[in-house]
Structure formats: structure tokens, C-alpha cells
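The following exercises are to be worked through with the sequence and the model in view. Each task is followed by a solution in steps.

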Amino acid sequence: MILRNLLFLLPPEIAHSLAIMMLKRMPCREPMELPESLSVNFFGNKLRSPVGLAAGFDKNAEVIRPMLSFGFGFIEAGTVTKYPQYGNKKPRIFRLVEDEGIINKLGFNNQGIDYFLKQISRAKLDNYIFGINIGKNSTSQDQISDYVDLIRAVYGKSSYIVLNISSPNTPNLRNLHNKQELLELLKSITITRKSIDSSESTPIILKISPDIDQQTKENIAELALEYRIDGLIVSNTTVSRDNLRSHYNESGGLSGRPLFKLSTKLLSDMYKLTKGKILLVGCGGISSGIDAYKKIKAGASLVQLYTALIYHGPQVVNKINLELAELIRKDGLNSISEAVGCD
């Protein structure tokens, strides 16, 4: 808490850069042992916990191993783009302390795919479960070719790949939720994956926006099933500003506690629409074991967090793990997987 208070004296982006710098110098330690009831099968890999780190924290794949030591079952690095880009102009991160929320309008700032892959090869991550989250460059004239080229670059180098089509901070990105554009994207990705790997062994997951109507939800579910997308991350940040106590007129994506209700309702809807046939990852507003459990009971097999780290520090991860294990025990379940979609 003392460290958090010190970091809160700094502008958010400087505090984040400082945290990454400290983590890079931190000696890797063994994570604490967790109850077996939390272990999850993830496309043939055993995760020690269903709780993962969401994309956005480790944009350049620099601290995957240190972050795993805090108790995460898996890490998602990125969003990474083909070419390095600065992102939107600063300031572009804002703390909503009263709401335990964050508004960001970063715009996929990152060092580009070449730097990203160098970090992965240096860290020797062969036995670690992590995903690579990919997105388009803001100046790209052909969004789909960006994703295709990135799939070719990263395929087989991680446990899974995420197509991020849902950040509100990159121009026209969310247009990929439109049925025809999403169809073209998924068709191109499917052809590309098959051309690289006929057994389609690396799972591909789609990260969607919480700000979508019923028809868009139905279209996404239909196309994800048709093109055999392996999973959905539900969801990215929101542009809505409902029921906030903090007063901010900034544009950008809102994450943290204010996103919980909206993203969990979408999660439940997508579980029903996909008939439980696609792995769902619940993301948005998790800061306790009960939050994670609600996501799982709404249909998530895995959950992710990021903003909770800012407000509660890295110790929140194992706190959530142990609370989840206790909730399972109280409900008389042997495994967290038994709770998926039970609501």
C-alpha cells in the first residue's frame, strides 16, 4: 500500500513505466502453491489458476515471467502492432480513484512486433502459458492485412493469439464488429492459420467490445462458431460513463470497477448465444474472488484483470485465488470448471 501511494503521486503513465522497470530487475521467484481445485485445462495445457493478466499491462512482452510469479495462471502480452507506434498524445491515462476505474486513450503504443518477438526469445518462455494480443497500426490502410501479417509473425510462438478488434482508441478499429468486415477478417485469419498449420494447433481468440447491440452480439456468436474461433474475451474497455462518481470529460476506454456489470451481462449473453461451445474469458472490473466467481458462473472458463493491480497491488492476485478456492469449497464443488455457466 505504501508503494501504491508513492506511485499515485506520479502521473499514471510514468508510474506504469517505473513499475515495468522495477519488474524487469526483479529476481524471478516461485509462485505460491495453489489449491488443485483452481487448476483448469486450457487447450491441453494445465493452468494452475483461471486468473490471468489482461493485455495492456505488458505491451512489449518484457515482464511475462515476473508477472507469473504473483499467482497468475497465464499472462497476455500486447497489444502489439506490426510497426512501432507512439500512440495518442499525452496525457492519455486518468485515474478515477473514487470509482476504482481508469480511463485510457493510449492508442496501441508499443515497440512493434520485431522488438516484441526479441523479448520473447530472450526470456525463454517455452514452458509458460501466455498469449499474444495483436492489433492494427493506426495509420494502416488495410486492417485485415495487418492481422494476417501479424498471425504469420507470431504463430506458434505463444500458447494462444488474440485478435484485438475492440479498443476504442484506434480509428475505425471497432468497425471490425460489423458483420461483413468481421466475416472478411475471420475468413482471412482461418485461411492464414490453415496455410501455416493444418492441425490449427494454436488457439485464436477474439477480444470484443462491451458497447455492442443485440444484433452485433448475435453476428459475433454466429461467425465465431462458423469460423471455429477458439474463444472470446469479453470484454475490452467501454466508452460509456454511467454512474460514475468521479468527474472526467476525457474520451477513451473506461476499465475497472465501473465496467464490471456491463461486461458481465455481455459475458452471460455470449455464453447463451454460443451455447457454451466456445471458451469465454471474462474481463472487466474484477478485484475480488466473488467478482471472478460471478464471471465464471456467467459463463467464463477463465478471467483476466489489470486495473485491480493499480488499486490493490500484485498481492490482489493470490487474494482472488484463495477467495475463489474457498467459494468453490463452500458450494461443494471439486473444481472451478464445474461452476462455469451455472447461473
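**Exercise 1.** Determine whether Ala61 is buried or exposed, and describe its backbone.

Solution. Ala61 has a relative accessible area of 4% and is therefore buried; buried means under 20% relative accessible area, exposed over 50%, and partly exposed in between, with a 1.4 Å probe and protein chains only. The model is predicted: local features need pLDDT of at least 70, side-chain atom pairs count only at pLDDT 80 or more, and totals for chains, interfaces and linings use all residues. Residues are numbered from 1 along each chain as its sequence is written, and side-chain values use heavy atoms, leaving out hydrogens and water. Next, locate Ala61 in the loop between S3 and helix H3 (64-68); helices (H or I, at least four residues) and strands (E, at least two) are DSSP runs, numbered from the N terminus. Finally, the phi of Ala61 is near 60°, a positive value in a residue other than glycine.

**Exercise 2.** Examine Asn243 in the same manner: is Asn243 buried or exposed?

Solution. Asn243 is found in the loop between S10 and S11. Its phi is positive, about 55°, although Asn243 is not a glycine. With a relative accessible area of 77%, Asn243 is exposed.

**Exercise 3.** Check the length of H11 and state which residues of H11 are buried.

Solution. At 1.5 Å a residue, the 15 residues of H11 should span 21 Å, the expected span being 1.5 Å times one less than the number of residues. The end C-alpha atoms of H11 are 21 Å apart, which agrees. The buried residues are Val316, Val317, Asn318, Ile320, Asn321, Leu324, Ala325, Leu327 and Ile328. Among the elements that cover them are strand S3 (51-53) and helix H9 (289-297). Just after H11, Gly332 takes a positive phi of about 70°.

**Exercise 4.** Describe the surroundings of Ser335.

Solution. Ser335 lies in the segment after helix H11 (316-330). Its relative accessibility is 18%, so Ser335 counts as buried. Leaving aside residues up to four places away in sequence, Ser335 touches Ser37, Ser39 and Ile328, where contact means heavy atoms within 4.5 Å. The side chain of Ser335 also reaches the backbone nitrogen of Ser337 at 3.1 Å.

**Exercise 5.** Locate two cis peptide bonds.

Solution. One joins Lys90 and Pro91, with omega about -5°; Pro91 lies in the loop between strand S4 (74-80) and strand S5 (93-96). Another joins Val234 and Ser235, with omega about 15°. Ser235 is found in the loop between strand S10 (231-234) and strand S11 (253-256).

Technical notes. Polar contact = N/O pair within 3.5 Å; in protein donor to acceptor, adjacent residues only side chain to side chain.
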